[in-house]
Amino acid sequence: MEVGQMQRRLVEFTKSLFVEGFLDGQFLQLQQLQDDSNPDFVVEVVSLFFQDSEKLLNDLTSALEQQDVDFKKVDAHVHQLKGSSSSIGAQRVKNACVVFRSFCEEQNLQECMRCLQLVKQEFYLAKNKFETLFTMEQQIVAAGGSIPATEITSF
Amino acid sequence: MDRDDVVSWQRRTHDVDAFDSLHPSDTEEAHVLAVDDSLVDRKVIERLLRISSFRVTTVESGSRALQFLGLDEDKSSGHFDESSALREIPVVIMSSEKVLARIDRCLEEGAEEFIVKPVKLSDVKRLKAYMRRDSRESNKSETGNRANANRKLREEEEEEEDNNYDESDLSASSPSPPACSVSSSPPSTSSSCSSFPSSAAALAAMDERRL
């Protein structure tokens, strides 16, 4: 595949992520923070998110498995996850966290467990999408091309 | 941007730890202490601030912030010098929660501004604007140049829910209320911040209602 084609594929793929709600405007903010002095900023932050949050998800899982579930603690974890997912523009993960928190407030264990599953689902889905995105970018760069800037006007 | 860097570098060689007596010019980099318990958010805010030409130090908690400012609770026995130049430090709160009561409280207690997360470049740019204005307005060269020469804008993450928000932590023994250093982390930390001197809340906070 030649560079031009790869770039078009990337643009289309990125667009789809916004249209499907995986990403929101905050991701564009992150891209703006990347420049020649920090060329890998987006990859770094996103990777940090997935690394950090993996642990959070484990903590959440065990917190919900306790005899006496501490819903405040669970809520604190979800709040953390909501915050960091929103910071990288991972909209669907964030939205799943919002729902999760409402059930924490209700102290509804059943629903919380269901929410945890949904959050995990969105989490791994997002991870997958980001990996695809970054791989496409890498391939373009490896082929000597540049990453086209995300055009906000087109969607 | 390049010109700013050159000027700032020259200034910085003077004032690393000592506070120099010169008035900061508009081109001097202000130093921001960003407090956030989320690693991801620390990374993002650090970049947001650096790209906007601020010097940045990030810490993960309120107690670490106090340590950084030299206000170790062990040493101070909980009683802070109200005349400390550190009270001039403007405090900005960042939170992903839009709880109006809490926002009001923060602003009343002396926070300059309440930024709803996720923080954007435009939020940081706005801070820059009022910091420059603030440094031009304040003219306290006789009372110690610490506040002027090394202005720090402290941004704090407010993570607590309303039910964890311990009202008593905000009660102050001094006439002016403590700054919103309440924030960042679990209740045990916020109690250590209870008598932190207030910031100079001279500027109108920029929140939706006042626009």
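Me: Before we start, a salt bridge is a side-chain nitrogen of Lys or Arg within 4 Å of a carboxyl oxygen of Asp or Glu. Which residue of chain A meets B:Lys43 in a salt bridge?

Reply: First, a note: this is a predicted model, where local features need pLDDT of at least 70, side-chain atom pairs count only at pLDDT 80 or more, and totals for chains, interfaces and linings use all residues. Residues are numbered from 1 along each chain as its sequence is written, chains are lettered from A and ligands numbered from 1 in the order in which they are written, and side-chain values use heavy atoms, with hydrogens and water left out. Between chain B and chain A the count is 4 salt bridges. In one of them B:Lys43 comes within 3.1 Å, N to O, of its partner, A:Glu44.

Me: What is the area buried between chain B and chain A?

Reply: Buried area is the accessible area (1.4 Å probe) that two parts lose on being put together, summed over both. Carbon and sulfur atoms give 57% of it here, and the total is about 2000 Å².

Me: Which three residues supply 32% of the area that chain B buries against chain A?

Reply: The contact (heavy atoms within 4.5 Å) takes 20 residues from chain B and 25 residues from chain A. No other three residues supply more of the area chain B buries than B:Val40, B:Lys43 and B:Arg47.

Me: How do α2(A) and α4(A) pack, and which word fits their angle?

Reply: Helices (H or I, at least four residues) and strands (E, at least two) are DSSP runs, numbered from the N terminus. Helix α2 (residues 25–32) and helix α4 (residues 71–88) of chain A have axes 6 Å apart and an angle of about 60°; axes are lines fitted to C-alpha atoms, for helices over the stretch in contact, and angles run from 0 to 180 degrees between N-to-C directions. Angles under 35 degrees count as roughly parallel, over 145 as roughly antiparallel, 65 to 115 as roughly perpendicular and the rest as oblique. So the word for α2(A) and α4(A) is oblique.

Me: How many helices are there in chain A?

Reply: Reading from the N terminus, the elements of chain A go α-α-α-α-α-α. There are 0 strands, and the number of helices is 6.

Me: Which peptide bond is cis, with omega near 5°?

Reply: Most peptide bonds are trans. Look in chain B at the loop between β4 (113–116) and α6 (121–137), where B:Pro118 is found. The cis bond is the one from B:Lys117 to B:Pro118.

Me: Which residue has a positive phi although it is not a glycine?

Reply: Try the loop between α5 (91–106) and α6 (109–142) of chain A. The residue there with a phi of about 60° is A:Gln107.
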